[in-house]
Amino acid sequence: MRTSFALLTALPAAVRALSLNAYDLGFYGVYPTQNFVTLGQPTPWAQISQWDPRCDKDGGLILMSPRGVNVPNPGPVILDSRGNLVWSEGKFGQAMNLQVQRYKGEDFLTFWSGTSGGPHSNGSYYMLNSSYEVAHTVNSVDIDMGGDLHEFEITDNGTALFTIYEDKEVDCSDVGHDGLCWIDDCLFQEVDIATGKLLFQWRASDHVPLSHSYKLRHKDGLTKKTAWDFFHLNSVEKDDLGNYLISSRHMRAIYYLDPKGNILWSLGGKHSDFTDLSEGKASNFKWQHHARWRGNNTMSFYDNHAKNVFHPLAEHSRGMLVQFDFENMTVKLLQTYNHPDNVLSISQGSMQVIPETGNVMIGWGNTPAYTEFTADGEVLCNTHFGASLFFMILDFGWVKSYRVFKSQWVGKPKTPPAIKIFAGQIFASWNGATEVAKWRLESAKSLKATDDDFAVVEEIKKDGFEGVFMRDSWERRFVRVAALDRAGEVLGYTDVVDSTFEEYIPISLFQVLVSLCFFLVVGFFAWTYREMLKKQSSRIFALRRQQKNTQQYELLNSRENVDDAV
């Protein structure tokens, strides 16, 4: 009853937050996409609901990994700050936790890829160089389970931290179970990237009592297939002291471990070691993610504050920055970061302090959105990549990204730019190239012409992912497009193509079905409207006929009355 009342009271606010446009009302689907002629795969179509020029100043790019039942091609994606596509790759399949990390003085794109179901996931961690080639692959060591999606963190010492989920049978008398039961035990490993050598491993069941969990067991744990996810480890970081900071969703706690894995203290949960100087607001987080040190004894993390869609709508998710006093064992809340529409994301999510500006980027996890704030909490830019109709009130995670980051990245793919001719236009793009400033169309009389044989036709500024030239009737039949940097130097050429030949762009069965459904719906409403007009016309005609008959009857009756009177 309380939840229903909250739903009714919060509904007007949710309706006000819902933009009345075709995108947000779902006319383009739950997950609106863009289709580029030169790319051949759908990519996210982001919608910016609030914009500030300060989001452009650092030149950072948005790194995300869309997935969900309505995402046809989950994989790593890079957008610019205005939502334009920079890079999309589908060959890795489902990917999560895309970010830029530094290893041995070089920047790499890193992410997890594999299979996932429930808390379990099995996969590997990939490190791509600036040419988008796999330079390193990291896997779990001396354990049957593959690496888990929740964390892959590269340390300053050239090691990798990552999480693992493993079914294990343990003594569950601590939670009122008679004898053994199955749990989803959580581990993290530290592995040397260069050698693959295991340096350290920590296991949750060895250090944290099962009774500290907020995850109700119900019938979980009776069989291996129904193992109880009692801990749910979702982030790991190593500091300069060699200690580890970890976040446990189902303990609703953040732990600090020494180099041997012993728990030095915990924040939140059933047994917090700190006095909260902010009236509980620094430690009342729930189901949180992505704990990170920020210097000066401050820590950031993402507070989901809910675990399912059935919750009081007055609650909402937030980014949090807290500060510790370790001498007095106190903690206080410094700043919170709330979505402009107070979304409540029941899982996943991230909070990043952008190094170049000190701004804060929040990825809203199960909610397909990300927001950039100033350090003091002012909303600068707010973006979503799913129709808000489907996440503003009840968010079922049909479209989501585990984390979202904003980072500097220079991409220099070795593959050439792409070119296609379609519908009387010439299209060019270069998937992943970040240094292109202009496109230059050139033409020649021969398919095998040398560079000196090409003449410049037109130059256009790069605006978005694809450059588009109108196909004209010039004398030279064969064309290519050059990608130019800001200095006007050529970065790469497309293949030379015959300008009189147009490519056939295949239409997928899905597109056919969507188009058919659209026309059927339009036809149904048109037919319904026509029938309604016909019925209304018939009623009007019948009414007018009845009125005419009534008038004739009254006139005749009046004449009879006059005759009788005479």
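Two residues are in contact when heavy atoms of each lie within 4.5 Å of each other. With that meaning in hand, and keeping in mind that this is a predicted model, we can look at the surroundings of His384, which belongs to strand β28 (residues 379-384).

Once its neighbours within four places in sequence are set aside, His384 is in contact with several residues, among them Tyr23, Trp45, Pro368 and Phe391. Asp24 is also one of these contacts, and here the side chains are joined by a polar contact of 2.6 Å. Because buried means under 20% relative accessible area, His384, at 7% relative accessibility, counts as buried. Along the chain, His384 and Lys400 are 16 residues apart, and their C-alpha atoms are separated by 9.9 Å.

Strand pairing is the next topic. Strands of a sheet pair through backbone hydrogen bonds, either parallel or antiparallel. Two pairings in this model are set out below.

| Strands | Direction | Bridges | Opposite residues |
|---|---|---|---|
| β14 (residues 180-192) and β15 (residues 198-203) | antiparallel | five bridges | Glu190 and Phe200 |
| β16 (233-238) and β17 (residues 244-248) | antiparallel | five bridges | Ser235 and Ser247 |

Strands β14 and β15 form a hairpin with five residues between them, and in the turn Gly196 has a positive phi of about 75°.

Strands β16 and β17, for their part, belong to an open sheet of four strands, which has the order β16-β17-β18-β19 and antiparallel pairing. At the edges of this sheet stand β16 and β19 (263-268), each of which pairs on one side only, while the twist from one strand to the next averages 15°.

Definitions and conventions
Residues are numbered from 1 along each chain as its sequence is written. This is a predicted model: local features need pLDDT of at least 70, side-chain atom pairs count only at pLDDT 80 or more; totals for chains, interfaces and linings use all residues. Side-chain values use heavy atoms; hydrogens and water are left out. Helices (H or I, at least four residues) and strands (E, at least two) are DSSP runs, numbered from the N terminus. Buried means under 20% relative accessible area, exposed over 50%, partly exposed in between (1.4 Å probe, protein chains only). A polar contact is a pair of N or O atoms within 3.5 Å; within protein, one must be able to donate a hydrogen and the other to accept it, and residues adjacent in sequence count only if both atoms are side-chain atoms. Two strands pair if DSSP finds at least two bridges between them. Axes are lines fitted to C-alpha atoms, for helices over the stretch in contact, and angles run from 0 to 180 degrees between N-to-C directions.
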